[in-house]
Amino acid sequence: MQVIVAKDYDELSRWAAEAVAAQILEKPDSVLGLATGGTPLGMYRELKRMHQEGKLDLARVKTFNLDEYIGLPADHPESYHHYMQENFFRHVNLPADQAHVPDGTAGDLAVECQRYEEMIQAAGSIDLQVLGIGANGHIGFNEPGTEFGAVTHVLSLDPRTIKANARFFGSEDQVPRQAISMGIKTIMKSRKIILLASGTDKAEAIMRTVTGPVTVDMPASILQLHPNVTLLVDKAAAAFLKLDGGQMSVNC
Ligand code: PGA
């Protein structure tokens with residue numbers, strides 16, 4: 001696991017976009033795993049700029065988002081379908097049928113989970129997965145306590161996640177209680193992973209991800225067992241790490 005510390009959120013966002021762009025240059029038909037939330041917004045802004053400047057071609061890329069709320073239709077302003085459309089998809093040349101987000105309104109959610117997981121595996125699994133992290137250590141919506149062996153599944157949001165995401169909905173009452181998420185096993189099959197974290201409220205989770213025991217109580221700690229993970233964090237999120245010149249390599 002490698003940890004790279006950016007001086008601020010803008011630098012972190014640029015580095016994340018460069019990592020995605022490098023992946024696509026190296027393999028134009030890459031399969032990307034994408035995240036939502038506040039943290040990757042700067043990365044999407046940079047990717048949009050690169051595309052507008054003619055430096056990024058997504059014509060052959062496939063994308064799979066990590067998760068979606070149960071019960072929110074695609075046009076709901078807080079659905080992750082809508083988020084992706086507004087912040088990324090509509091600004092770039094990614095063909096609509098190559099961009100995938102789980103359907104949180106599916107009549108049979110178990111069937112939808114299986115369909116989504118099979119689509120990822122049929123695409124050859126994910127080349128580069130972008131992750132955020134919750135203050136409770138969740139990746140995707142895999143909350144503390146989630147089995148490491150889970151593939152795409154339905155889960156209940158942790159009270160800390162409901163509280164954190166209330167800022168997008170206006171109040172806690174309006175935050176959906178359940179979501180579909182790629183499982184930890186799905187995520188761990190990705191060939192390369194970058195995890196982005198910004199701000200002091202992520203500092204403890206980052207420290208436990210890097211140096212703590214691998215435990216379902218801190219889902220991101222499983223990343224210690226993945227062969228190609230880079231944590232891109234800003235100084236605030238790195239506050240509890242002992243760093244050598246802004247970089248840290250941890251052999252797990
Ligand atoms: P955030 O969410 O980027 O909005 O902090 C990250 C997450 O919950 O995974």
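This is a short talk on one predicted chain, going from its overall build to two residues, Y69 and H226.

Okay, so keep in mind as we go that this is a predicted model. Let's start with the whole chain. On the secondary structure side, we've got 7 helices and 11 strands. The radius of gyration comes out at 17 Å, and the globule rule gives 18 Å for 252 residues, so the chain is as compact as a globular protein of that length. If you'd rather think in box dimensions, the C-alpha trace spans about 50 × 45 × 35 Å along its principal axes.

How much of the chain is buried? Of the 252 residues, 55% are. And look at the contacts: take those between residues at least 6 apart in sequence, and 80% of them join residues at least 24 apart.

Now the outside. The chain exposes about 10800 Å², with carbon and sulfur atoms supplying 51% of that. As for charge, there are 23 positive and 31 negative ones, and their mean positions sit 5 Å apart.

Right, let's zoom in. First up is Y69, which you'll find in strand β4, residues 67-69. Is Y69 buried or exposed? Its relative accessibility is 1%, and the cut-off for buried is under 20%, so Y69 counts as buried.

What does the Y69 side chain make polar contacts with? One partner is the side chain of Y80, at 3.1 Å. Another is the side chain of N165, at 3.0 Å. Y80 is 11 residues from Y69 along the chain, and their C-alpha atoms are 7.4 Å apart. Setting aside neighbours within four places in sequence, the contacts of Y69 also include F141, L157, F169, V175 and P176, as well as E78 and G104. Q178 and A179 are on that list too.

Second residue: H226. Where does H226 lie? It's in the loop between α7, residues 203-211, and β10, residues 229-234. Loop or not, H226 is buried, with a relative accessible area of 5%.

So what does the H226 side chain reach? That would be the backbone nitrogen of N228, at 2.9 Å. Beyond residues up to four places away in sequence, H226 touches M188, plus S190, R191, K192 and I193.

To put the two side by side: Y69 is a buried residue in a strand, with side-chain polar contacts to Y80 and N165. H226 is a buried residue in a loop, with its side chain reaching the backbone of N228.

That's it from me, happy to pull any of these up on screen.

How values were computed: Residues numbered from 1 in each chain as written. Predicted model: local features only at pLDDT ≥ 70, side-chain atom pairs only at ≥ 80, totals over all residues. Heavy atoms only, no water. Helix = DSSP H or I, 4+ residues; strand = E, 2+ residues; numbered from the N terminus. Rg over C-alpha atoms; globule rule 2.2 N^0.38 Å. Buried < 20%, exposed > 50% of the residue type's maximum accessible area, 1.4 Å probe, protein only. Contact = heavy atoms within 4.5 Å. Areas by Shrake-Rupley, 256 points an atom, 1.4 Å probe, with all protein chains shown as cover. Lys, Arg positive; Asp, Glu negative; His and termini not counted. Charge placed at Lys NZ, Arg CZ, Asp CG, Glu CD. Polar contact = N/O pair within 3.5 Å; in protein donor to acceptor, adjacent residues only side chain to side chain.
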